[in-house]
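Dear colleague,

I am handing over a structure that you have not worked with before. Please look through the sequence and the view below, and then read the notes that follow.

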Amino acid sequence: MMPFLKQNELNSVIVLRDGLSILEPADAMDIIHYSICEHQNPAYLQ
């Protein structure tokens, strides 16, 4: 997924409360999704 993410999305700081030991692939996808949504352009399309 890294080639498809913008630099500001890749530079997001993520804190895992329980560490990497219990991180599932679906959890990682949720984090990526959140990062993309968080950095989207706030302009509205009309």
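**A buried charge without a partner**

Glu9 is buried and yet takes part in no salt bridge, the nearest side chain of opposite charge being that of Lys6, 4.9 Å away. A salt bridge needs a side-chain nitrogen of Lys or Arg within 4 Å of a carboxyl oxygen of Asp or Glu, so the 4.9 Å that separates Glu9 from Lys6 does not qualify. Please keep in mind, here and throughout, that this is a predicted model.

The residue in question, Glu9, belongs to helix H1, which covers residues 7–10. Although Glu9 has no salt bridge, its side chain does reach the backbone nitrogen of Lys6, at 2.8 Å. Leaving aside residues up to four places away in sequence, Glu9 touches Ser35, Ile36 and His39.

**From Glu9 to His39**

The last of these neighbours, His39, lies in the segment that comes after helix H2 (25–38). Along the chain His39 and Glu9 are 30 residues apart, while their C-alpha atoms are separated by 6.6 Å. With residues up to four places away again set aside, the contacts of His39 are Asn8, Glu9 and Ser12. Is His39 buried, exposed or partly exposed? Its relative accessible area is 26%, which lies between the limits of 20% and 50%, and therefore His39 counts as partly exposed.

**Leu5, before the helix**

Leu5 is found in the segment that precedes H1, and because its relative accessibility of 17% is under the limit of 20%, it counts as buried. Beyond residues up to four places away in sequence, Leu5 touches Leu10, Ile32 and Ile36; Ile36 is also among the residues that Glu9 touches. Leu5 and Ile32 are 27 residues apart in sequence, and their C-alpha atoms are 8.8 Å apart in space.

**The salt bridge, and the whole protein**

Side chains of opposite charge can pair when their charged atoms come close. A search of the whole structure finds 1 salt bridge, and it is the side chains of Arg17 and Asp18 that meet in a salt bridge, at 3.8 Å from N to O. Of these two residues, Arg17 is exposed, with a relative accessible area of 78%, whereas Asp18, at 46% relative accessibility, counts as partly exposed.

Taken as a whole, the protein has 2 helices and 0 strands, and 7% of its 46 residues count as buried. About 4,500 Å² of the protein is exposed, and carbon and sulfur atoms supply 61% of that area.

With best regards

How values were computed
Residues numbered from 1 in each chain as written. Predicted model: local features only at pLDDT ≥ 70, side-chain atom pairs only at ≥ 80, totals over all residues. Heavy atoms only, no water. Helix = DSSP H or I, 4+ residues; strand = E, 2+ residues; numbered from the N terminus. Buried < 20%, exposed > 50% of the residue type's maximum accessible area, 1.4 Å probe, protein only. Lys, Arg positive; Asp, Glu negative; His and termini not counted. Polar contact = N/O pair within 3.5 Å; in protein donor to acceptor, adjacent residues only side chain to side chain. Contact = heavy atoms within 4.5 Å. Areas by Shrake-Rupley, 256 points an atom, 1.4 Å probe, with all protein chains shown as cover.
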